[in-house]
Amino acid sequence: MQNIQKVVIPVAGHGTRSLPASKNVPKEMLPIYNKPVIHYVVDEAVNAGIKNVVFVTSKEKTALEDYFDHHYALEDVLERTGKKELLRTVQELADMVDVISVRQKCQLGFGHAVLCAKSVVGSEPFAVMVGDDIILGEDAGLKELIDVAQRENKPVVGVMEVDPSVVHKYGIVAGTPRPDGIIEITDMVEKPKAEEAPSNLAIIGRYVLPPEIFSYLENAKPGHGGEIQLTDALSRLAKDRGMLAVPVKGRRFDAGDLLDFLSVNMYFALQDDKMKDGMKKQLQKLLAEFE
């Protein structure tokens, strides 16, 4: 598989899980520690060697494009006030990636959102990332998938084990484990009931795909929830071409889940030498109040 040049990140959704905070602010722009959610996702892509980000967006989501662009008025203020470190930080954002935006004019599902990027991706293999999943750890996440996809010349999805009680929230894969830990996929199901799930290996929003996936999506029928599901198209692609699942290392936080959103903020605070002692004291006080 040739080098992966582009990542598609669908961000057109309304962010209903994050309401009311996401009523006027895209959920991907909600702050985690001192950066918005989308910054961590894009940073993972950059670490995997990608410089071209395709946002599948909507008219309410222009803030995401603006974040990775220059803000000359702000830069001028920072320069005049001598805040050189902050100036460098905001300037580096504009050089972080090249952003291309395409509109998903109708919300017809995650698979449909990926299909909207077809004209931009063209005939190249590409990556897909979910815009509110944060994966932390050295070289964890997308880089792992790209390394395997290029070595094996096969489509790859990232998976993690989840508690059986939550398999109904994910695409679930079944397959044959290899000695190196990679799984040869034999089946995948979108959001199955716990008793019908083929395993507890959940697809966690990281993919490396060939351009052929677009033809599968174009011919896909509405699946779970009446939407065009990427998992359904992947299942057919896996049967025709073969597909691998890579157990992703690192720590994952779902920023659309309130508990994970709060937890990842504390996670970063506890790693900050200037904040961790104060954070621990605050947590101890709060815990004592609710004992």
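These legends go with close-up views of a predicted model.

**View 1. The largest pocket and what sits around its centre.** Start with the big opening: the largest pocket holds about 1,400 Å³ of space. A total of 46 residues line this pocket, and R17, V130, D132, K169 and K191 are the ones nearest its centre. Several elements each put two or more residues into the lining, namely helix 5 (110-115), strand 8 (156-161), strand 11 (201-209), helix 9 (230-241), strand 13 (251-254) and helix 10 (258-271). Strand 11 chips in the most, with four residues. What is the make-up of the lining by class? The count comes to 16 nonpolar, 16 polar and 14 charged residues.

**View 2. The second largest pocket, with helix 4 on its wall.** Here the space comes to about 210 Å³. The residues to look for are N34, K35, P36, H39, Y67, T89, E92, L93 and M96, which line the second largest pocket. Two elements, strand 3 (35-36) and helix 4 (84-96), each give two or more residues to this lining. Helix 4 supplies the largest share, four residues. Sorted by class, the lining of the second largest pocket has four nonpolar, three polar and two charged residues.

**View 3. Strand 11 and its pairing strands.** Is strand 11 mostly covered or mostly open? Covered: nine of its nine residues are buried. Strand 6 (residues 126-129) runs antiparallel to strand 11, and four bridges join them. In that pairing, look for A127 opposite V208 of strand 11. Strand 8 also pairs with strand 11 in the antiparallel sense, over five bridges. There, V156 stands opposite V208. Strand 9 (residues 171-177) is another antiparallel partner of strand 11, with two bridges. For that pair, find I172, whose bridge partner in strand 11 is A202. If strand 11 looks familiar, that's from View 1, where it gives four residues to the lining of the largest pocket.

**View 4. The largest nonpolar core, with V42 picked out.** As a rule, nonpolar side chains in soluble globular proteins tend to be buried together. In this model the largest nonpolar core has 36 residues, and I9, I38, V42, F55 and L142 have the most contacts inside it. Helix 7 (residues 142-152) gives the most to this core, with five residues. Which residues does V42 touch, leaving out those up to four places away in sequence? The list runs I9, V53, F55, F68, M96 and V97. M96 also turned up in View 2, among the residues lining the second largest pocket. Apart from the largest core lies another core, of 33 residues, including V56, V159, I203 and Y207.

**View 5. Helix 7 and the elements it packs against.** Zoom in on helix 7 and you'll find L142, E144, L145, I146, V148 and A149 buried. L142 is one of the residues with the most contacts inside the largest nonpolar core. A handy reminder when tracing a helix: an α-helix has 3.6 residues a turn, so residues three or four places apart point the same way. What do the buried residues of helix 7 pack against? Their neighbours are helix 1 (37-47), strand 6, strand 8, strand 11 and strand 12 (244-247). Just after helix 7 comes N153, with a positive phi near 55°.

Terms used: Residues numbered from 1 in each chain as written. Predicted model: local features only at pLDDT ≥ 70, side-chain atom pairs only at ≥ 80, totals over all residues. Heavy atoms only, no water. 1 Å grid on protein atoms, 1.4 Å probe; cavity = no way out; pocket = protein on both sides within 12 Å on 5 of 7 lines; lining within 4 Å. Points joined across faces, edges and corners; volume = space filled by probe spheres on them. Nonpolar A, V, L, I, M, F, W, Y, C, P; charged D, E, K, R; others polar. Buried < 20%, exposed > 50% of the residue type's maximum accessible area, 1.4 Å probe, protein only. Pairing = 2+ DSSP bridges. Core = buried A, V, L, I, M, F, W, Y, C linked by side-chain atoms within 4.5 Å. Contact = heavy atoms within 4.5 Å.
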